[in-house]
Structures are given as structure tokens and as C-alpha cells.
Amino acid sequence: MQEALIIGIDLGTSGVKVEVYNEHGRLLFENRAEFSEQTVDSWTIAMKQTMPIEFLKTIRKRKIMSVDSTSGTILIVDEYGKPIVNPIMYYEKEVEYYNRIKNLRSIKELAELGVDVTPASPIPKIMRIMESGLLKNAKWIISPTTWILYRLVYKEDRKWVDLEMDYTNALKFGADVAKETPRWYEPLFEETGIPLDKMPKITECGNYIGLAESDLARELGLDGAEVYQGMTDGNAAALAGGALKEGDLSIYGGTTVVPKYVTGVMKKHPAIYYHRHPIKGYMASAATSFAGGFLSWFTEKLLGLSVGDAIKYVDYVDNMGDIPLFMPPGDRSPFNDPLLKAAIMRLYPWDEPREKIVGKLVLSILMGITFLEYSYVDLFEKLFNNVIKEVRLTGGTVKSKKWNSLRASIYERPVKIYSERIGIGAVIPALLKSKLFRNLDEIESTFLIPHEVVYPDLSLSNVFRKDRDLFITRWRGLQKIYGESVPTSLV
């Protein structure tokens, strides 16, 4: 095999993370730098702080690199790639402009194709910029992934022409990913008046862009690196978590729960949305409630404990059949109901030591979040008529062995635990397109080796099965208590 350095850059909400590997899958370098504001200057400073610049400059191997970034964040730039306004983040909302367009025919048609336009989508934000008059000075409307890639390729005095945006980033900008070749959904741009000529062409993840030749590339030690199209952070995390081939299921456990299932077909369902899979097929996905975040809030604010210390109290629980039932918020998938707040059912003033009561409360939240995760295992099996033999896990909440054991027992199948290294996920399609590796099996065996496999405890499975199977029904019942909007169903 040819010698090479593989470089993945992950641009997140609060920082930049860089990973550097050799061709044998060995992690040579990993670093992260935080930033406090979202500007391209902050991004470039963070990249300079994280990149092993002197090391990269001394290595004469082939360099292959790509980038992932937050999905739905917008950059509006001039013909030299300079931003006209600061990045508009994915979490910012434009309710007024959304209300103007929400009943457009194209908005409803696009929803039927699996792409929902919301107040946080790029489209209403672009309309605000357009109405302000700033869009007339713009050459391109792009994602942060696209900006970093072309900022590395194009010299600073060169005009940005013939830009392309990968189809995972293009999705929220108004792409029709249901077609064999994804393309911009033209009726949307006609009805909103957003000029289609300011949108890059849509292309596959991993396609070659060019060599890194800019001053920034030289300053980062990336001069001469081969630059390939990247993807959104969610898709990069899914690939890094093992969601590579049809039938693979990866669940990212963090502040939110993000399940990703690889499928060859799209089957519309109110609880999920679709990306084109960065390699082949589709990625059935969901962005669920603030479940992991609720756990942190509960343990730190109410119990005065870190999450890790709080989970240790579960060892004091000696009766697994006498546990409260935690229901996560339902403001996002599967219910998408902002009125549906969290609740703890079956709470009782037990005459027991504090350690045991704390253990029960913490265990109830772990169970509720795990029931939520399992509901998507069950959904994907039924919707796609396929048996899921194992679940692949990554993210901050999978660091707890105790919780992973609970997961395997509730899922009733093995779970594979992967390191949270999103950068390698971003570069996997490039490893195929660059011909450095022959197929996905080689890539998986080289880079994606789980550091632990956890098997179910059947005695625990028997204890939790009844609550697990009634979880969605009870959760939907809670929606009525809070004041239901539009009920949906996982099954």
C-alpha cells in the first residue's frame, strides 16, 4: 500500500478538532481548540492551534484530507470567498420569514420528498439576507465545509469559480436527494426568489477538488495536500460509528440521541428524515430530544454530581423492578411537539438510604433514554423489514460501561463501542475515491475497530422488557397531559 497521511478536520459548534492517521489506521495526532464566536477568523485561528504544523511540513508522504461541519449553517461570500456576513448558525431561527413561506407549494412538495423546511433551515435565513440587499453582493451561498475546502484549494487572489457542495450539506439548502442524482429543487428557488446561480453544483462526498495551494494551506502545513469533498458532522459521526453499509445502525449518544440507519430505499415516516448516504444508498436519521442534556442537568444541578459519579450510584440499586419511569422531552423526533416536556413517573417516597434513592433516580433516566434509543432499533427493523443484529454506539454517553451494559440488555443484542473520532468519518469517502483503499471492508478493518463489544444480560432483559415495550404508548399518553399538538407514531 502507498504511504500516506490521512487528515480529518471536524468543525463543530464550539471548536475545531483535527485527526491525523497513517495508512495503517494508526492515530498519529489528535487535538482540539475551542472558539467563543462563530467567524471564519475564529475557525482559521482554531485550525492553526490544532494542526501539527511542523510535523506535517516535515513529512513528504501523500496527504489526503477532508472536512465536516455543522449541518444547516450558512456562509454567504463574495467572488474571492470572503464572507459578506458572519456565519449564520444552524440553531438560529427566522420565524417571521418562515411564516411567509411555510404554505408555499414547493415547501410542501419538498417535505413529501423527505426534506422539511423549518424556521431554523437555511432558506428563511437566506430570504432575510436577500431582503436586506446584502445578497446582491454575494457570489456564493455555501456551507462551512465547502468554505474550508475551497479556502485551502484556492489562492487568496484567485476568484472562486465552479464550486461544488456535497449532497449531505446541500440537503437543508433545498436539495432533492430522492433523485438518483441529487439536484436543487428548482420550484423552491422560483417561489422564494432565491437566485439559483448563487448555489454551487451538488456533488458526491469524497469527490476530488484539487491540491491545497492557498496561503492558509501553507500556514497549516497542508500545502500540496489532496483535498476531497466532505460532509455534515452528523454523517461523519455516523460513518465513524460504523454506519457504512446497508443494514448498519449507528447511534450517537450525546446531548441529543442521533440514530442513523443505512438503507437502500427511502420510506417516508414522520419520525425520521433522510440524507443520501455519503457512500451509497440513504441514511435514515433522527435528531431526538434533549435526553442526554437532561441527564447532565439533573445530576449536576439537582444532585450536585457529575454524570460519571451519579451513574456509580446505580450499584446501590438491588431491585431493578422497582424503578421510576423517565420520559424524555418530545420537542424533537419522534413527536416534534414543543409542549411535550420531560416527566418522571412512578416516583415514590421510599424509606431507603439516600444512596439507593439517588441510584434509582439516575437509573430511571438511563432507562428512559435507552428506551428512546431502542424505539429506533424497533422502528428501523419494522419499517425496512430487516433484522438488526447489532447496534454500533459512539458519542459522549457511551463512555460508561455500566450504561452500555444496560443498553445491550434493553436492546437484546450486542453493542459495539467506537471512539468519538468524527474526523475519520469525514475522510472515508475520500479514501475510496483516492484509490488508497480498494473497498469499504479494507477501510473498516483498518480504521473502525470497536474498542469494546458488550453482550446482553438476559436476566436484565427480562426485567426491563415490559417497560421497554410500553414506553412509546406511555410517552404518547404524556403528550395528552401536556396538551397535544399533532401526534405521530414510531410504529
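**View 1. A salt bridge between R218 and D215.** In this predicted model, the closest N and O atoms of R218 and D215 sit 3.7 Å apart. Both residues belong to helix α9 (residues 215–219), and because they are three residues apart there, about one helical turn separates them. Neither partner is tucked away: R218 has 43% relative accessibility and counts as partly exposed, and D215, with a relative accessible area of 38%, is partly exposed too.

**View 2. K159 meets E79.** Here's another salt bridge, with 3.7 Å between the closest N and O atoms. This one ties together distant parts of the chain, the two residues being 80 residues apart. K159 comes from the loop between α6 (144–153) and β7 (164–166), while E79 comes from the loop between β5 (75–77) and α3 (95–101). K159 is partly exposed at 41% relative accessibility, and E79 is partly exposed as well, at 34% relative accessible area.

**View 3. E381 pairs up with R413.** The closest N and O atoms of this salt bridge are 3.0 Å apart. Again, distant parts of the chain get linked: E381 lies in helix α13 (residues 354–384), and R413 lies in the loop between α14 (401–411) and β21 (415–417), 32 residues apart. R413 has just 11% relative accessibility, so it counts as buried, the cut-off being under 20%.

**View 4. A salt-bridge network.** Five residues join up here through salt bridges: the acidic D248, E390 and E444, along with the basic R392 and K416. For the wider picture, a search of the whole structure turns up 33 salt bridges.

Definitions and conventions:
Residues numbered from 1 in each chain as written. Predicted model: local features only at pLDDT ≥ 70, side-chain atom pairs only at ≥ 80, totals over all residues. Heavy atoms only, no water. Salt bridge = Lys/Arg side-chain N within 4 Å of Asp/Glu carboxyl O. Helix = DSSP H or I, 4+ residues; strand = E, 2+ residues; numbered from the N terminus. Buried < 20%, exposed > 50% of the residue type's maximum accessible area, 1.4 Å probe, protein only.
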